[in-house]
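Please take a moment to look over the sequence and the structure below before reading on. The paragraphs that come after are meant to be read with both in view.

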Amino acid sequence: MVFMDKEILEKYKKAGGIAKTVRDEGKAMVKPGVKIIDIAEKIESRTIELGGIPAWPVNISINDIAAHYSPSKDDETEIQEGDVVKLDVGVSIDGYVADTAVTVALSEEDKKLVEASEKALEEAIKLVKPGVDVKKISAKIGEVIESYGFKPITNLTGHGLEQYIIHSEPRISNYKDDYSYILEEGEVIAIEPFVTRGRNYIKEEDETRALIYSLVQEKPCRLREAKEIIKKMSDRQGLPFSDRWVDASGIKLRLALNELSRRECISSYKILRGDSKIAQSEHTILVLDKPVVITR
Ligand code: CO
């Protein structure tokens with residue numbers, strides 16, 4: 001049995017190498033006064049330069065926002081002193097996706113939050129191999145986070161990855177739960193501990209504030225801009241996109257997105273928010289006889 005086709009393995013490794021590079025370049029840009037749209041655009045354009053495709057718009061989620069914030073076209077947000085800034089980057093090579101995240105804490109008091117998420121990730125990765133129950137990995141993540149006196153976010157999890165599918169089985173909880181799943185050789189997983197001092201779960205914000213979309217079906221639309229979005233996003237095969245990648249702007253853009261949403265052509269990712277600062281670290285791992293962390 002071939003556990004992972006050599007060509008697929010190479011694509012994952014290439015995606016991982018690019019993801020690591022652009023994540024680190026983005027991380028170096030995180031300073032007070034920098035516009036997050038500049039960081040997002042830099043990471044995405046470098047991804048393309050290096051031969052990859054952004055698997056989703058870079059998520060730049062600050063402080064109590066856990067995930068799914070990506071700057072819109074007109075976003076003026078600047079990084080502030082003391083912010084906790086999470087960059088979550090995805091790179092696709094023919095749908096084989098590397099998923100990685102890093103957190104920068106701009107104040108001394110929050111550096112421990114970041115350390116806890118990084119340490120939990122590293123300890124979890126040590127347990128990854130074929131035949132292991134993800135339950136064990138989840139318990140370890142929770143244990144490390146709690147050893148710092150912090151809490152894991154319980155309703156955000158690591159996940160499997162398949163071609164053009166960015167969240168598949170198994171889920172990998174960030175605390176000890178009852179969900180059992182034995183890892184098999186050839187699977188690809190992302191582990192992503194989220195750490196907070198506050199409430200241990202996140203809530204979805206109102207849908208009207210969504211900033212990330214995904215084309216789920218192609219149907220005839222009335223507005224020219226809506227048709228153009230379908231045409232442009234069609235070859236992404238469902239991978240998420242940003243309004244920054246669309247030619248239309250202003251009211252025309254809003255109307256087009258509204259029509260697409262009303263006709264159920266697009267779905268949107270709601271912003272996920274806790275009630276206190278949150279840190280996240282993430283790597284993608286190929287579950288092979290010798291596991292490969294492609295984003296490290
Ligand atoms: Co992920």
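What follows is a guided walk through this structure, from its domains to its strands and then to its metal site.

The model is a predicted one, and its protein chain is divided into domain 1, made of residues 6–204 together with 275–293, and domain 2, made of residues 212–269. The C-alpha centres of the two domains, domain 1 and domain 2, are 26 Å apart. Where they meet, 19 residues of domain 1 are in contact with 17 residues of domain 2, and the area buried between domain 1 and domain 2 comes to about 1400 Å², with carbon and sulfur atoms giving 60% of it. On the side of domain 1, Pro57, Lys73 and Tyr164 supply 45% of the area that this domain buries against domain 2, which is more than any other three residues.

A good place to begin inside the chain is strand E4, which spans residues 84–93. Is this strand enclosed or open to the outside? In E4, 10 of the 10 residues are buried, so the strand is largely enclosed by the rest of the structure. In a regular strand the side chains alternate between the two faces of the sheet. In E4, Val84, Lys86, Asp88, Gly90 and Ser92 point one way, while Val85, Leu87, Val89, Val91 and Ile93 point the other way, and all of them are buried.

The pairing partners of E4 can be taken in turn. Strand E1, residues 53–54, pairs with E4 in the antiparallel sense over two bridges, and here proline 54 stands opposite valine 91. Strand E2, residues 59–62, also runs antiparallel to E4 and is joined to it by four bridges, with isoleucine 60 having leucine 87 as its bridge partner. With strand E5, residues 96–105, E4 pairs in the antiparallel sense over 10 bridges, and in this pairing valine 91 has alanine 98 as its bridge partner. E4 and E5 form a hairpin with two residues between the strands, in which aspartate 94 takes a positive phi near 55°.

Alanine 55 has its place in the loop between E1 and E2, and at 0% relative accessibility, which is under the 20% limit, it counts as buried. Leaving aside residues up to four places away in sequence, alanine 55 touches Gly90, Val91, Ser92, Val97, Arg236, Leu239 and Pro240.

A second hairpin is made by strand E7, residues 158–162, and strand E8, residues 165–172, which pair in the antiparallel sense over four bridges. Glutamate 162 stands opposite isoleucine 165 in E8, and tyrosine 164, in the hairpin of E7 and E8 with two residues between the strands, takes a positive phi near 60°. Tyr164 is also one of the three residues named above for the area that domain 1 buries against domain 2.

Strand E14, residues 266–269, has a covered face with Ile266 and Ser268 and an uncovered face with Ser267 and Tyr269. Strand E12, residues 212–215, runs antiparallel to E14 and is joined to it by four bridges, with serine 214 having serine 267 as its bridge partner.

An open sheet of three strands has the order E6-E10-E16, with antiparallel pairing. Strand E6, residues 151–152, and E16 stand at its edges with a single partner strand each, so one side of each is left without a neighbour in the sheet. E10 and E16 pair over three bridges in the antiparallel sense, and threonine 196 has isoleucine 278 in E16 as its bridge partner.

The last stop is the metal site. Which protein residues act as donors of the cobalt ion? They are Asp99 (OD), His159 (NE2), Glu192 (OE) and Glu282 (OE), lying 2.0 to 2.4 Å from the ion. Along the chain, the donors of the cobalt ion follow the spacing D-x59-H-x32-E-x89-E. Glutamate 192 lies in the loop between strand E9 (188–191) and strand E10 (194–196), and glutamate 282 in the loop between strand E16 (278–280) and strand E17 (283–286), so the pair ties together parts that are 90 residues apart in sequence. Both glutamate 192 and glutamate 282 are buried. The four donor atoms around the cobalt ion subtend angles of 81 to 162°, which makes the arrangement irregular.

Conventions
Residues are numbered from 1 along each chain as its sequence is written. This is a predicted model: local features need pLDDT of at least 70, side-chain atom pairs count only at pLDDT 80 or more; totals for chains, interfaces and linings use all residues. Side-chain values use heavy atoms; hydrogens and water are left out. Donors are N, O and S atoms within 2.8 Å of the metal (3.2 Å for Na, K and Ca); water is not among the atoms, so sites may look incomplete. Four donors count as tetrahedral if all angles lie between 85 and 135 degrees; four count as square planar and six as octahedral if opposite donors are over 155 degrees apart and all others between 65 and 115; anything else is irregular. Buried means under 20% relative accessible area, exposed over 50%, partly exposed in between (1.4 Å probe, protein chains only). Two strands pair if DSSP finds at least two bridges between them. Domain bounds come from an automatic or database domain assignment. Contact means heavy atoms within 4.5 Å. Buried area is the accessible area (1.4 Å probe) that two parts lose on being put together, summed over both.
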